[in-house]
Protein chains: 4
Amino acid sequence: MAVPQFKEIRRSYGFDEVAIVPGRVTINPEQTDMSMSIGDLKFDIPVMASAMDAIVSPSFAIQMGKKGGIAVLNLEGLWTRYQDAEDKLAEVAETPLEQATALLQSLYTAPIQEELVAQRVHEIKAGNVKCAVAVTPQRAKRFAPIAVEAGADMLVVQSTVTTAKHISKSYHGLVFSELVEQIKIPVVVGNCVGYDVALELMENGIQGLLVGIGPGAACTSREVVGIGVPQVTATMDCAAAREEYLHRTGRYVSVITDGGIRTGGDVCKSFVAGADGVMIGTPFAQAAEAPGRGHNWGMATPDPALPRGTRISVGIKGTLQEVLFGPSSRTDGTMNLTGALRACMGMVGAFNLRELQQTELIYAPDIKAEGKIYQIAQGR
Amino acid sequence: MAVPQFKEIRRSYGFDEVAIVPGRVTINPEQTDMSMSIGDLKFDIPVMASAMDAIVSPSFAIQMGKKGGIAVLNLEGLWTRYQDAEDKLAEVAETPLEQATALLQSLYTAPIQEELVAQRVHEIKAGNVKCAVAVTPQRAKRFAPIAVEAGADMLVVQSTVTTAKHISKSYHGLVFSELVEQIKIPVVVGNCVGYDVALELMENGIQGLLVGIGPGAACTSREVVGIGVPQVTATMDCAAAREEYLHRTGRYVSVITDGGIRTGGDVCKSFVAGADGVMIGTPFAQAAEAPGRGHNWGMATPDPALPRGTRISVGIKGTLQEVLFGPSSRTDGTMNLTGALRACMGMVGAFNLRELQQTELIYAPDIKAEGKIYQIAQGR
Amino acid sequence: MAVPQFKEIRRSYGFDEVAIVPGRVTINPEQTDMSMSIGDLKFDIPVMASAMDAIVSPSFAIQMGKKGGIAVLNLEGLWTRYQDAEDKLAEVAETPLEQATALLQSLYTAPIQEELVAQRVHEIKAGNVKCAVAVTPQRAKRFAPIAVEAGADMLVVQSTVTTAKHISKSYHGLVFSELVEQIKIPVVVGNCVGYDVALELMENGIQGLLVGIGPGAACTSREVVGIGVPQVTATMDCAAAREEYLHRTGRYVSVITDGGIRTGGDVCKSFVAGADGVMIGTPFAQAAEAPGRGHNWGMATPDPALPRGTRISVGIKGTLQEVLFGPSSRTDGTMNLTGALRACMGMVGAFNLRELQQTELIYAPDIKAEGKIYQIAQGR
Amino acid sequence: MAVPQFKEIRRSYGFDEVAIVPGRVTINPEQTDMSMSIGDLKFDIPVMASAMDAIVSPSFAIQMGKKGGIAVLNLEGLWTRYQDAEDKLAEVAETPLEQATALLQSLYTAPIQEELVAQRVHEIKAGNVKCAVAVTPQRAKRFAPIAVEAGADMLVVQSTVTTAKHISKSYHGLVFSELVEQIKIPVVVGNCVGYDVALELMENGIQGLLVGIGPGAACTSREVVGIGVPQVTATMDCAAAREEYLHRTGRYVSVITDGGIRTGGDVCKSFVAGADGVMIGTPFAQAAEAPGRGHNWGMATPDPALPRGTRISVGIKGTLQEVLFGPSSRTDGTMNLTGALRACMGMVGAFNLRELQQTELIYAPDIKAEGKIYQIAQGR
């Protein structure tokens with residue numbers, strides 16, 4: 001073809017299109033170390049719970065911390081808008097689906113109360129665990145100091161699409177390097193995709209990066225605005241930036257795959273694609289301890305003009321203990337996520353997550369896709 | 001393989017196979033400018049309503065104009081065949097599906113009345129908005145002067161497949177360059193696909209190009225005659241021709257993606273693929289103001305011998321205001337199309353549509369396809 | 001990858017994965033010439049009806065001939081095993097699906113009667129049309145002379161997989177060049193796929209080639225023995241062989257795409273892939289005149305030990321006239337197949353089939369696949 | 001793209017994505033030789049029955065041996081844990097699906113009894129057939145000598161992912177070269193995928209290799225731990241290793257495709273991908289003689305903490321004789337597997353399996369996938 005091309009279209013990959021290929025060595029699962037570090041914080045399991053109102057309450061955060069991971073409390077959700085957030089969550093759960101988006105749109109118009117920000121941090125810290133909180137870039141300068149003052153251990157600055165350079169008239173350019181300088185706890189920023197964006201954010205001194213735009217089950221960004229990058233490619237690109245930045249500066253910034261993870265297989269693939277940790281939504285929303293009572297919704301769902309996402313019914317599949325560590329009689333990969341990760345590490349001979357990142361991935365679209373169509377046809 | 005190849009088969013892309021990748025900068029949606037120009041006409045929003053009888057009545061055209069876009073009235077449809085077109089449209093809506101194609105075949109055999117051509121233009125102009133009308137190449141010489149005389153502001157010359165050179169015995173070679181010369185209003189021609197065809201049409205002096213063969217929901221050209229090019233590739237090829245022509249001549253011809261657009265995501269992807277505007281069918285057929293009363297059909301449906309397409313039921317999803325600007329509680333991307341476009345421009349850091357055309361596209365087939373299969377399985 | 005590869009795997013294409021791309025010129029459909037030649041025989045329309053018992057009876061063959069095409073009578077099916085074949089066909093149609101394969105297995109054990117071979121040819125010739133008959137390579141030497149003697153105009157030698165060199169103990173090597181020499185009517189051989197095989201068969205002096213292994217709706221060769229090549233690739237490879245052979249010898253051998261064609265779109269794509277004619281099964285089985293009474297089955301279905309294929313219900317969609325020439329209110333592409341071909345030729349500017357072969361094909365998998373899944377979900 | 005890539009992602013192929021392309025010669029099926037050798041053992045048909053409790057009982061093994069193939073008895077399943085294994089198998093068959101995984105988890109906690117290991121071998125040998133038994137690497141040193149002593153003819157050492165180097169604290173490094181040295185019967189090892197792993201295992205002196213990780217119908221390894229390689233690619237890679245090893249040493253190690261085979265087409269494709277034999281599960285579980293009574297489950301299903309797979313209902317489709325040799329009225333490829341293989345060999349002109357390995361494969365995703373979606377939609 002001699003015809004000029006308007007632009008290149010690169011191939012990308014999602015979880016369902018790839019599979020992990022075992023290598024030349026196998027080891028015993030018990031010999032594996034799956035700990036994760038973010039800045040100077042260390043966690044026994046490389047799992048974060050998403051900063052979504054249906055997933056993380058103060059009490060959920062305590063239980064997650066005790067199990068070795070960390071849950072992130074959304075500082076701009078129902079927990080800081082209402083003293084009696086549990087009542088509101090119950091109301092959402094009881095509302096018919098047709099009215100759920102409208103109810104969420106209405107509930108999120110109540111103002112955020114600064115005293116509740118501090119109170120929620122205190123509640124979590126009272127459980128003797130690390131406390132992580134999430135804010136949007138627009139409100140980071142206002143709420144971050146309050147949370148740090150109250151004892152928060154990690155700050156997550158999160159919006160749908162985050163870059164180092166936001167050009168705006170309305171809030172005066174949050175500069176991540178200043179924020180990192182100002183507060184003394186690790187800062188995790190996201191969500192982003194892309195090698196260049198990731199590298200630029202790392203150069204601002206942050207300790208962690210949330211990877212993923214558009215992949216979550218509760219998110220319809222791709223339908224509404226057309227934006228989204230499948231998680232395997234998104235993670236690989238950001239991991240490539242981490243390696244380049246590490247090579248240049250000697251500093252290691254943790255890359256956390258956030259969104260679209262539903263099974264142990266997805267967890268394992270995230271690490272093979274280069275992740276240092278995973279942030280999980282739906283599987284935790286399915287835990288009995290989650291405040292959503294078998295439901296979930298994204299942070300863009302309550303948008304008054306352009307709601308992206310909806311309240312989805314996820315059901316309750318087991319306890320948090322079972323989701324993370326089993327035992328379980330479920331065989332679809334949604335339970336015992338860390339057991340799955342250990343089993344995978346044994347099968348590919350990886351003693352730790354850094355070694356797991358070296359394993360081969362293959363493009364193998366069929367098997368799982370079939371399974372999905374089958375599940376759909378079965379009404380599951 | 002040493003085996004000779006009969007011909008090359010190029011890869012092409014449709015809306016559902018690609019996604020938009022954010023870049024290094026984000027901006028505030030309010031800062032974006034989404035205006036569109038066609039020739040010397042300028043519109044606040046880059047959206048045209050398709051010249052289909054179920055979508056554009058004179059009254060719909062007025063409302064569309066008042067909202068900043070432009071609707072195109074079909075001069076060879078029911079509105080110029082019947083004084084009481086509304087009655088016929090009601091009849092179509094009330095007919096059972098099995099008899100709908102036959103009824104449409106019969107209704108479209110009534111002759112077009114020249115006085116109705118002028119009358120419909122007057123009706124629209126009485127609303128104080130720009131008036132756009134559509135004719136086929138076969139009838140362009142006959143009706144275009146009448147419409148221009150009556151005050152039309154834009155002429156759309158449209159057939160299923162349009163080229164600069166039609167070899168025919170029956171109507172004597174419409175020469176686009178002569179038509180452009182003769183009438184003084186902007187001429188938009190289509191539909192076409194392909195770099196060469198687009199370039200050749202531009203060289204005839206036209207002001208706009210409609211891109212798209214076979215993609216619309218109400219069209220079955222691909223099943224019936226095997227012809228069709230997915231819209232992302234079709235738009236990219238024509239955008240490449242526009243750039244080449246601009247480079248050569250300094251004149252900018254607008255490329256308008258026409259057909260197959262159902263969501264805000266599709267709108268956004270059209271621009272990233274290189275479009276200057278979008279022509280939309282189904283989403284407007286779903287507006288309460290549309291004369292189809294929740295139905296739609298294509299211009300090839302009433303063909304007496306080889307009907308291509310059928311009357312499809314699209315339902316009524318909201319008002320025209322809601323379709324274009326929201327607010328909405330629907331989260332599937334079918335409402336607030338311009339809000340979606342603005343949100344997308346913010347996320348990728350594009351101040352105007354010309355900048356949006358520079359954004360990266362990725363081939364990412366899975367996420368949305370899953371969603372569709374799911375919706376189908378759910379009977380939606 | 002430094003890993004050695006056991007073998008190359010080439011990409012192939014089926015009808016549903018490609019679409020036709022219009023070019024720089026359009027013409028009027030009435031100006032097109034769609035005639036087909038095979039040897040010294042010429043036909044007004046490039047369409048053959050498959051040599052299947054549920055499709056071609058002597059009376060069907062007469063009607064097909066009168067409409068400008070040609071139907072092939074199977075000389076090894078029910079029509080030459082039973083004087084009262086119509087009774088047997090009625091019995092098959094009335095048998096429940098579970099017992100249909102067993103009944104077919106039993107019916108096809110009756111011996112072929114030589115006098116019926118001659119009688120059936122006489123019946124067709126009595127209709128004043130060209131008569132085409134099909135035999136397997138194993139029985140070609142025995143039945144071909146009888147059919148020629150009785151007045152047949154074209155001999156089709158057909159088996160699942162045909163090559164120029166069959167190594168066998170049981171029947172003594174049918175040599176196609178000898179057969180061609182011996183009988184004076186055009187010989188069409190198939191089915192085959194592949195450039196090398198096609199070239200070798202052409203070198204034996206045959207006049208036509210049937211292309212296609214495994215694609216038909218009534219055939220499950222691909223499930224049972226894993227063999228099959230999608231029709232677009234199969235046709236392109238054989239067309240490449242035809243061009244090479246034409247270049248070398250100046251003799252033109254017709255390439256006929258046989259199997260898997262269900263719509264006008266498939267017909268058009270066959271020619272763009274390089275075919276000179278199409279052989280059609282299912283759409284003719286759906287004609288009111290077909291002896292299968294709304295059913296169809298393949299020639300491998302009655303195999304006593306390894307039945308490949310099954311009796312499928314295809315329904316009755318219209319008359320043979322409507323299938324071939326319309327008019328029709330059906331919009332799914334299954335009616336007015338020659339009208340579709342003419343429309344396509346007009347849209348791509350092809351005056352004859354040789355020009356249609358020059359049109360561009362694009363790989364565009366989505367649109368139609370969606371349609372199919374949708375149809376399946378709707379129970380159609 | 002100048003962006004650095006974190007890792008390469010290679011394309012892989014499963015059974016449903018490829019098809020076999022006939023070549024220049026065809027032969028008569030009766031002339032083909034489909035015998036298989038493993039070490040000094042020779043079998044009339046190249047088919048092994050999987051070492052699964054629902055498939056192989058001592059009595060099934062005898063019948064399989066008499067028909068020319070070989071069935072492998074699992075030495076760590078119900079047959080060596082319970083004297084009255086038939087009772088337990090009946091209990092599993094009668095338990096509702098919801099409780100099946102839990103029951104299996106419980107049944108497999110009973111200890112393996114060494115005297116039953118010897119007894120089961122004696123039972124099979126009493127049938128005057130070759131006896132093959134399977135052990136895991138962990139228990140190979142303990143049970144292999146007992147089985148050999150009792151008269152076993154072939155030892156299969158099998159685990160989900162097997163490599164030549166397992167690094168472990170719990171069982172002291174089974175060294176395959178020592179095992180091969182120690183016992184004098186052929187050793188078959190698996191499962192593995194990958195050129196390097198296969199080559200390394202061959203260098204340990206084994207006689208056969210089981211290829212396949214994650215493809216079986218009763219296995220959900222891919223969902224749970226993300227690991228799995230489609231069988232066509234897995235077989236091709238191991239066949240490439242076999243050729244390299246043969247070239248280097250002159251010794252031929254048999255490659256056996258194990259898992260995911262459901263039809264005659266899959267059997268044929270395995271050989272064309274390079275296999276010397278196939279190990280089959282589901283089709284044998286569907287035989288009336290199988291002890292699973294129409295059910296099947298994988299070896300990882302009873303895992304107490306991370307069950308991978310579930311008891312699936314496969315139904316009873318015919319006798320073992322019919323599955324292997326027909327005759328049959330089923331046309332979906334699940335019956336007469338060796339008849340299918342012979343038919344395929346005839347169509348591609350392969351006199352033996354070594355020649356069949358030379359046949360061309362094509363990437364042709366559509367036809368069969370459609371079929372599957374259709375079957376799913378039909379609830380089959």
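This passage describes how the chains of a predicted model are related and joined, and how two of its helices are packed. Because the model is predicted, local features are reported at pLDDT of at least 70 and side-chain atom pairs at pLDDT 80 or more, whereas totals for chains, interfaces and linings use all residues. Residues are numbered from 1 along each chain as its sequence is written, and chains are lettered from A, with ligands numbered from 1, in the order in which they are written.

Two copies of a chain are related by a rotation about an axis and a shift along it. Chain B can be superposed on chain A with an RMSD of 0.0 Å by a turn of 90 degrees and a shift of 0.0 Å along the axis, the fit being made by least squares on the C-alpha atoms of residues with pLDDT of at least 70 in both copies. The two copies are thus related as by a four-fold rotation axis. They use different surfaces, in that 6% of the contact residues of chain B recur in chain A.

In the interface between these two chains, 48 residues of chain B are in contact with 54 residues of chain A, a contact being counted where the C-beta atoms of two residues, placed from the backbone, lie within 7 Å. Two or more residues each are given to the chain B side by β2 (18-21), β3 (25-27), α10 (231-249), α11 (264-272), α14 (337-348), β17 (360-363) and α16 (366-377) of chain B, where helices (H or I, at least four residues) and strands (E, at least two) are DSSP runs numbered from the N terminus. The largest share, seven residues, comes from α16(B). By residue class, the side of chain B that touches chain A divides into 26 nonpolar, 13 polar and nine charged residues; here Ala, Val, Leu, Ile, Met, Phe, Trp, Tyr, Cys and Pro count as nonpolar, Asp, Glu, Lys and Arg as charged, and the others, Gly among them, as polar.

Strand pairing, which requires that DSSP finds at least two bridges between two strands, also links chains A and B. Strand β1 (residues 9-11) of chain A runs parallel to β17(B) and is joined to it by three bridges, with R10(A) having I362(B) as its bridge partner. Within chain B, β17(B) pairs with β2(B) in the antiparallel sense over four bridges, and A19(B) stands opposite I362(B). The result is an open sheet of three strands in the order β1(A)-β17(B)-β2(B), with mixed pairing. Its edge strands, each of which pairs on one side only, are β1 of chain A and β2 of chain B. Neighbouring strands of this sheet are turned by 35 degrees against each other on average, direction ignored, as judged from axes that are lines fitted to C-alpha atoms (for helices over the stretch in contact), with angles running from 0 to 180 degrees between N-to-C directions. A further parallel pairing, between strand β10 (residues 165-167) of chain A and β3(B), also comprises three bridges, and places I167(A) opposite I27(B).

The contact between chains C and B takes 48 residues from chain C and 54 residues from chain B. On the side of chain C that touches chain B, the largest share, seven residues, is provided by α16(C). Strand β1 (residues 9-11) of chain B is joined to β17(C) by three bridges, and these strands run parallel; R10(B) stands opposite I362(C).

Helix α6 (residues 140-150) of chain B has as its buried residues A140(B), F143(B), A144(B) and A147(B). Viewed down the axis of α6(B), these residues fall within an arc of 105 degrees, so they line one face of the helix, the arc being that of the directions from the helix axis to the C-beta atoms. The face turned away from the buried side carries the exposed residues P145(B) and E149(B). A residue is termed buried if 20 or more other C-beta atoms, placed from the backbone, lie within 10 Å of its own, exposed if 12 or fewer do, and partly exposed in between. The cover over the buried residues of α6(B) includes α5 (114-125), β8 (132-135), β9 (154-158) and α7 (176-182) of chain B. Just after α6(B), G151(B) takes a positive phi of about 115 degrees.

In chain D, the buried residues of helix α1 (residues 58-66) are P58(D), F60(D), A61(D), I62(D), M64(D) and G65(D). Among the elements covering them are β6 (47-49), β7 (70-74), α5 (114-125) and α13 (320-325) of chain D. Helix α1(D) is followed by G68(D), whose phi is positive, near 105 degrees.
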